[in-house]
Amino acid sequence: MGTQAVEQETATATVPTRTGLLIIGASQSGVQLAVSLRALGFDEHITLLGDEDHRPYQRPALSKEFLQGTVESESLIFRSNDYWAGHNVDLVKGEYIVRIDKEADGSGVAHASSGREFPFKRLALTVGARARKLEIDGSGLDGVLYLRNADDALALKARVGDATDVVVIGGGFIGLEAASSLQKMGKNVTVLEFGPRLVGRAVGEETAEYFLQAHRSRGLDIRLNTSAARFTADDGGTRVAAVELQDGTVLPAQIVLIGIGVIPNTQLADQLGLAVDNGVVVDRFALASDGTTVAVGDVANMPNPVPGSEPGERIRLESVNNAIEHAKVAAYSLTGRREEYAGIPWFWSNQADLKLQIAGLCNGYDQTVVRNDRERGKFSVLYYRQGRIIAADCVNAPLDFMAVKNALAKGLNIPADAAADPGIQLKTITTDS
Amino acid sequence: MPTVHFTDAEGTVRDVEGNAGDSVMETAVRNGVPGIVAECGGSLSCATCHVFVREDCASQLPAMEDMEDEMLYGTAVDREDNSRLSCQLRLTDELELFVTTPETQV
């Protein structure tokens, strides 16, 4: 006890004021947390700290509009400098936190790799996730790229001009979005998917199959059940020139783009001794196991917020919508209120002219209804569990998406037996039973 | 400079100067105008940047495309004849636009 008291005195002496909130991660959720706190009247100082040398920006366009050059980087910026200054939010760029000392009351000091120290009274972790790396022969070659942040996107853009052939590894949302963008930019694109279908578990079979056929009919070369064995270099020995597949096939590639999922950034939570299990384990109010730190967005493993989900079921969601809604929950928590997650999780992915909108989570479905309006290019899959709608994937069908999202939000149902006719508007058959 | 006058559901007006080429939504969000959420960042996926355009301003704006029209059926506050998604409205040099934001976007 005596030693601890001395340590605390020392800490107090070197760091006289531990005030305000430190948000580590200048991400979608970090930005939303700061914005929501100010909207709720939180009047303490906020430091919003990120490890990139960019002002906080929106990520979704990196694989689409930004890559294709249809929007400028300035358009991706969340808030003007004036906004942050006017709201007493100190934006810190390019600082990477390596260690945090924290007291039982939730206050502490975060130490950056630069040596700078950031004292805080409360801590928020909005550190997101990082790209999962593919470690095979040649993965260190120039031109083997990932697409997670703005620097990744800039590196990709810088190489696109010289490339003729691109191999995308991973048939998930990022891979397919980037592949569609690069194809539109005139590149010869091949997508390699390790699994038997596209988009893994994020969508059901019918949607995965629809995307497979739609992309193939648009000229994208998609190879399922296929993995790369090694990347080989050009004559200079440093730049990637080809991808060799497990079956010996060689595909030329001046760019290899890898999108095989992400890993939550739990290093700081581990160091703090917080409960970690596929992300930072948080309660319904976004509080980590220490009861004071909040963890929000992609990095948080939270109780499934969807009404009617199994008790004790937990989930980690990677989406803009979740980053926003979860940040609101955390903002309430930090201001002493207990408000649960509101709204229905939703997702979007734009690939070529295919506009996918997903409402709800299809986990545990036992029935699907497909609405396929070939003439108008609209396609939806509705997911049911025990006769009740739980989710929908909608391609170029915003009315279906909106109808399902609204039904889920209001606890209503869209009976399966009436939903299959794409000529019927779903909102006209929505019922409360 | 183009200017957008945002009136919220309670009648508070915020006048925001923007840049030609930016959307009304971007102009609002960057300056922290409450009442515009814009979850999807302007990719026409979320319908949370709904505005009501003052009738005499409508002629300055581009015509509505099908996707915007369909998305407007899913706004949190029901659409009116003068409803638009502000991500689809680009500022032009001399534009002076008056819009009202709905009570809620989600």
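The questions below concern the contact between chain A and chain B and the enclosed cavities in this predicted model.

Q: How much area do chain A and chain B bury between them?
A: The contact draws 27 residues from chain A and 19 residues from chain B. K355(A), L399(A) and M402(A) supply 24% of the area that chain A buries against chain B, more than any other three residues. Of the area buried between the two chains, 54% is on carbon and sulfur atoms, and the total is about 1,900 Å².

Q: Which residue of chain A forms a salt bridge with E70(B)?
A: Between chain A and chain B the count is 1 salt bridge. A salt bridge needs a Lys or Arg side-chain nitrogen within 4 Å of an Asp or Glu carboxyl oxygen. The closest N and O atoms here are 3.0 Å apart, so the criterion is met, and the partner of E70(B) is K378(A).

Q: Which element gives the most residues to the side of chain A that touches chain B?
A: There are 10 residue pairs in polar contact between the chains, both residues being at pLDDT 80 or more. Elements giving two or more residues to this side of chain A are α9 (320-334), β22 (346-351), β23 (354-360) and α10 (398-409). With 5 residues, the element that gives the most is α9(A).

Q: Which element provides the largest share of the lining of the largest cavity?
A: The largest cavity has a volume of about 130 Å³. Its lining includes K378(A), F379(A), S380(A) and E70(B), and its residues divide into 4 nonpolar, 2 polar and 6 charged. The largest share, 3 residues, comes from β25(A).

Conventions. Residues are numbered from 1 along each chain as its sequence is written. Chains are lettered from A and ligands numbered from 1 in the order in which they are written. This is a predicted model: local features need pLDDT of at least 70, side-chain atom pairs count only at pLDDT 80 or more; totals for chains, interfaces and linings use all residues. Side-chain values use heavy atoms; hydrogens and water are left out. Contact means heavy atoms within 4.5 Å. Buried area is the accessible area (1.4 Å probe) that two parts lose on being put together, summed over both. A polar contact is a pair of N or O atoms within 3.5 Å; within protein, one must be able to donate a hydrogen and the other to accept it, and residues adjacent in sequence count only if both atoms are side-chain atoms. Helices (H or I, at least four residues) and strands (E, at least two) are DSSP runs, numbered from the N terminus. On a 1 Å grid over the protein atoms alone, a cavity is a set of points where a 1.4 Å probe fits but cannot get out, and a pocket is an open set with protein on both sides within 12 Å along at least five of seven lines; lining residues have an atom within 4 Å of a point. Grid points are joined across faces, edges and corners, and a volume is the space filled by probe spheres set on the points. Ala, Val, Leu, Ile, Met, Phe, Trp, Tyr, Cys and Pro count as nonpolar, Asp, Glu, Lys and Arg as charged, and the others, Gly among them, as polar.
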